[in-house]
Amino acid sequence: MKNVCFYFQVHQPMRLGRFRAFDRSCGNPVDDYFDTEKNKAIFKRVAERCYYPANDMMLRLIDACGRDFRISYSLSGTFIEQALLFDGGVIDSFRELAKTGCVEFLQETYYHSLAGLYEDQTEFTEQVAEHKRVMRNEIGVTPRVFRNTELIFDNRIAGTIKNLGYEGIVTEGTERILGSRLPNYLYEPSSVPGIKVLLKNYRLSDDVAFRFGDRGWNEYPLFADKYARWLAASPGETINLFMDYETFGEHQWKETGIFGFMEKLPEEMRGYDDLRFATPSECIDSLEAKGRIDAPFAISWADSERDVSACLDNRMQQYAFNTLRDMRDAVLKTGNRQIKHAWRLLQTSDHYYYCSTKFFADGDVHTYFSPYDNPYDAFINYLNVITDLQRLVGY
Amino acid sequence: MIKRVAMIGWEFPPFISGGLGVHCLMLTRELSRSGAGVDFYMPRMDEGGVGSHHSHLKIIEVPASGGINPYPLTKKNYDSNFFAAVEEYNARVVESFESFDAEVVHCHDWITVKAGIEINRRYGIPLVLTIHSTEYDRSAFFMPQDWIIDVEREGMNTADAVIAVSNWTKNMLMDKYGIPSVKIYAVYNGIDVSAFARVGGRDYEQGGKRVLFLAQLTRQKGPRYFITAAKKVLDEVGDAEFVVAGKGEMLGELIELSLELGIPHRIRFVGFVPDDEIMDLYNDSEVYVLPSVSEPFGISILEAMASGLPVVVSDSTGVGEALKNALKVPYWDTDEMANKIIALLKSRELRECIGNSGKTECRKFTWAKCANETMRVYESAVQAANGIVGNEGGG
């Protein structure tokens with residue numbers, strides 16, 4: 001049997017409002033920095049185009065497939081927080097999916113942050129614990145498998161996650177750690193054996209996530225029968241298809257036929273005896289690690305480089321990252337929960353991503369996802385906010 | 001391929017007073033490199049000859065009341081003597097015309113267009129008119145002179161093809177002059193970056209706080225907005241320093257404004273800066289600002305960028321529309337202008353990112369590209385003169 005393991009990332013950052021050099025927070029930094037109206041409008045739009053129709057489709061598929069259908073999600077804490085604020089029905093719909101028993105939820109950092117890259121892993125660990133709380137309280141589940149922001153992975157992160165008791169971790173199946181080996185097996189980190197690593201098959205994943213609606217693609221149009229054939233032909237024990245949930249309806253508009261594609265896939269897969277759906281935990285329970293991987297430097301699923309350069313390539317991003325990281329003590333010392341929350345919301349990777357200047361190769365993606373006209377405006381706004389936060393905490 | 005062009009100029013190095021002369025020199029040099037012969041008509045100057053060093057073209061000096069600047073610094077220089085000189089020059093060009101084998105006659109701005117119109121009428125040579133700036137730009141939309149507008153419109157209506165130095169200008173020609181899109185081609189100027197590239201590169205670590213305005217002190221260039229923004233910057237960055245380089249009719253009111261705002265000690269009016277000192281000015285500054293109300297192209301923006309200086313420009317500049325690594329603001333939005341200047345003064349990282357990227361980006365504006373595209377416009381003009389119209393979508 002060969003597993004087909006879908007995991008969808010569900011995330012919304014808290015976007016900043018316009019904050020200028022002369023603006024000052026009056027002591028409610030979350031309200032003063034973040035643009036509730038804009039975040040609400042975007043959330044509502046994505047809920048309507050993606051979350052509701054996609055969740056409904058998944059529920060229908062679970063019904064129709066007699067529970068043979070399996071998928072998994074990772075919901076960021078900032079997503080859950082906004083869902084609760086702006087559209088509680090979205091959370092209800094994920095709870096319903098959780099109840100089917102066919103859906104697994106993964107653990108991540110509450111803030112969808114880059115804290116895993118901090119040398120001192122305390123902040124990272126706390127953000128994972130915060131996510132654990134919100135998943136238990138709001139969705140009613142306790143995840144066994146961890147996924148990090150942007151699938152960022154290195155030996156240190158693997159060690160922290162294993163120590164926290166997780167049995168598996170998902171990351172990018174890049175050649176940088178695999179060499180010529182296939183992503184379609186479980187691996188374990190050579191530095192911390194005993195935790196299983198699921199690697200994204202990025203070709204087959206990106207065929208759906210990025211290329212599905214691309215009329216210039218030589219495989220366009222992609223129908224479910226062809227895709228099932230590709231899955232059947234892909235050698236190994238598990239094909240890990242990891243992508244943003246917004247693939248359905250946002251990145252690929254419904255007019256591309258993306259929903260119909262997914263709806264037909266289980267049926268087309270039934271034509272191949274050895275294909276079955278599985279969740280990451282089912283993969284971990286049924287498969288052994290086939291080899292070891294070593295990640296002394298961080299890898300991720302972002303951009304063509306599959307490293308952390310989308311978030312930390314230029315000096316603006318590095319300044320922002322270092323400044324945020326280093327003000328932890330000052331923030332905690334205030335004992336002010338709003339300040340702490342604002343500081344952590346500012347760690348969300350999207351803020352760094354907006355400042356990416358890798359225009360010419362990957363620029364289109366960055367521009368598409370950014371609320372700013374360009375990375376410099378993004379940085380200026382972010383700089384103004386963190387400068388004000390520094391003032392608030394006396395750092 | 002056009003083999004011979006008759007170009008009607010107004011100024012030419014070394015007798016140069018504006019960007020028009022540089023444009024003609026660089027354009028004709030590149031045209032002749034690509035195999036086209038150019039007959040260049042210009043006024044005979046009182047002192048000295050034009051020089052044999054312009055061996056790439058045949059210069060035909062036309063006796064006229066020479067030594068006049070087509071774009072005098074102040075309105076009151078637009079006196080009747082000046083206009084009479086322009087009339088006389090244009091008439092003499094027609095009398096002296098000898099380029100009967102030219103396939104195209106190419107004029108620049110209203111100042112030379114009358115001759116072009118008449119040559120086109122008499123000899124049927126297709127007419128190309130480059131618009132470097134319009135009366136609306138020069139007046140900043142404040143009391144433009146109708147009769148100049150009429151000359152400009154007549155020239156564009158007669159021309160078989162019109163070159164606008166940007167899409168900003170192209171749109172102006174469509175909106176204000178009613179010229180159809182199909183006959184206007186946007187062709188950007190070039191820049192010879194070697195003259196501005198600082199040896200060894202800029203040191204962004206150095207912590208000066210100097211902000212530079214380098215343009216004529218006319219309404220068009222928006223110096224009042226610069227001073228108003230300076231006040232707002234100084235409220236946040238007390239040790240910032242502002243240099244106003246250039247002369248013009250607004251000097252008095254600008255000094256008055258700086259007194260009114262209480263910041264005369266932070267603003268240095270340095271007057272006209274000769275070409276050979278401009279490089280030092282760029283090198284000694286941290287930020288370049290050009291808040292033009294309407295700037296058809298804005299070559300000095302590229303010069304600043306070539307020297308690695310981060311630029312803040314209004315969103316109503318021609319070259320700005322094609323730049324990614326320039327910060328743009330509406331010219332009247334002095335809050336946002338100040339916000340961006342403050343960020344640049346505070347963040348070495350921002351200066352470095354934008355300065356380095358801008359330095360690379362400005363290299364895409366080459367005179368070879370400009371000449372190449374101009375040549376294509378010549379070909380279109382010849383076709384248009386033969387009744388074939390076709391600028392699909394414009395430049």
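Modeller: Let's start with a term: a salt bridge here is a side-chain nitrogen of Lys or Arg within 4 Å of a carboxyl oxygen of Asp or Glu. Keep in mind that this is a predicted model.

Biologist: Fine. How far apart are the closest N and O atoms of B:Asp39 and B:Arg4?

Modeller: The cut-off for a salt bridge is 4 Å. B:Asp39 and B:Arg4 do form one, and the closest N and O atoms are apart by 2.7 Å.

Biologist: And which strands does that pair tie together?

Modeller: The two residues are 35 apart in sequence, so the pair links separate parts of chain B. B:Asp39 is buried, with a relative accessible area of 3%, whereas B:Arg4 counts as partly exposed at 25%. B:Asp39 lies in residues 37-43 and B:Arg4 in residues 4-8, so the strands are E2 and E1.

Biologist: B:Arg268 has a salt bridge too. Which residue is its partner?

Modeller: The closest N and O atoms of this pair are 3.5 Å apart. B:Arg268 sits in strand E10 (residues 267-271) and its partner in strand E9 (residues 241-245), so parts 27 residues apart in sequence are tied together. Both ends count as partly exposed, B:Arg268 at 35% and the partner at 22%. That partner is B:Glu241.

Biologist: What about chain A: is A:Lys226, which meets A:Glu219 in a salt bridge, buried or exposed?

Modeller: The N to O distance between those side chains is 3.2 Å. A:Glu219 is partly exposed, with a relative accessible area of 29%. For A:Lys226 the value is 17%, and because buried means under 20%, A:Lys226 is buried.

Biologist: How many salt bridges does the structure hold over all chains?

Modeller: Some of them share partners: A:Arg18, A:Arg20, A:Asp377, B:Lys232, B:Asp335, B:Glu336 and B:Lys340 are joined into one network. Over all chains, the number of salt bridges is 57.

Biologist: On to the surface charge. Which helix gives the largest share of the positive patch?

Modeller: The patch gathers A:Lys132, A:Arg133, A:Arg136, A:Arg337 and A:Lys340. Two elements of chain A give two or more residues to it, helix H5 (122-139) and helix H15 (337-345). A:Lys340 is found in H15 and is partly exposed at 31%. The largest share, three residues, comes from H5(A).

Biologist: There is a negative patch as well. Which helix holds B:Glu277?

Modeller: B:Glu277 gathers with B:Asp275, B:Asp276, B:Asp280 and B:Asp284 in that surface patch. At 43% relative accessibility, B:Glu277 counts as partly exposed. Its helix in chain B spans residues 275-283, and that is H9.

Biologist: Which residue of chain A is in contact with B:Glu352?

Modeller: B:Glu352 is found in helix H12 (residues 348-361) of chain B and is buried, with a relative accessible area of 17%. Leaving aside neighbours within four places in sequence, B:Glu352 is in contact with B:Tyr204 and, from chain A, A:Arg315.

Biologist: Now a buried spot in chain A. How far apart are A:Ile161 and A:Phe146, C-alpha to C-alpha?

Modeller: A:Ile161 belongs to helix H6 (residues 155-163) of chain A and counts as buried at 0% relative accessibility. The residues it touches include A:Phe124, A:Tyr166 and A:Ile195, and A:Phe146 is one of them too. A:Ile161 and A:Phe146 are 15 residues apart in sequence, and their C-alpha distance is 7.3 Å.

Biologist: Any odd backbone angles? Is B:Met143, with its positive phi, buried or exposed?

Modeller: Phi of B:Met143 is about 50° although the residue is not a glycine. B:Met143 is in the loop between helix H4 (135-139) and helix H5 (146-158) of chain B. Relative accessibility is 63%, and since the cut-off is over 50%, B:Met143 counts as exposed.

Biologist: And what is the relative accessibility of B:Asp109?

Modeller: B:Asp109 also has a positive phi, near 65°, and is not a glycine. Its place is in helix H3 (residues 109-123) of chain B. B:Asp109 counts as buried, with a relative accessibility of 1%.

Biologist: Last one: what is omega for the cis peptide bond from A:Tyr220 to A:Pro221?

Modeller: A:Pro221 lies in the loop between helix H8 (202-209) and helix H9 (224-233) of chain A. The bond from A:Tyr220 to A:Pro221 is cis, and omega is near -5°.

Notes: Residues numbered from 1 in each chain as written. Chains lettered and ligands numbered in written order. Predicted model: local features only at pLDDT ≥ 70, side-chain atom pairs only at ≥ 80, totals over all residues. Heavy atoms only, no water. Patch = residues over 30% accessible without salt bridge, like charges linked within 9 Å, V, L, I, M, F, W, Y side chains within 5 Å. Areas by Shrake-Rupley, 256 points an atom, 1.4 Å probe, with all protein chains shown as cover. Lys, Arg positive; Asp, Glu negative; His and termini not counted. Charge placed at Lys NZ, Arg CZ, Asp CG, Glu CD. Helix = DSSP H or I, 4+ residues; strand = E, 2+ residues; numbered from the N terminus. Buried < 20%, exposed > 50% of the residue type's maximum accessible area, 1.4 Å probe, protein only. Contact = heavy atoms within 4.5 Å.
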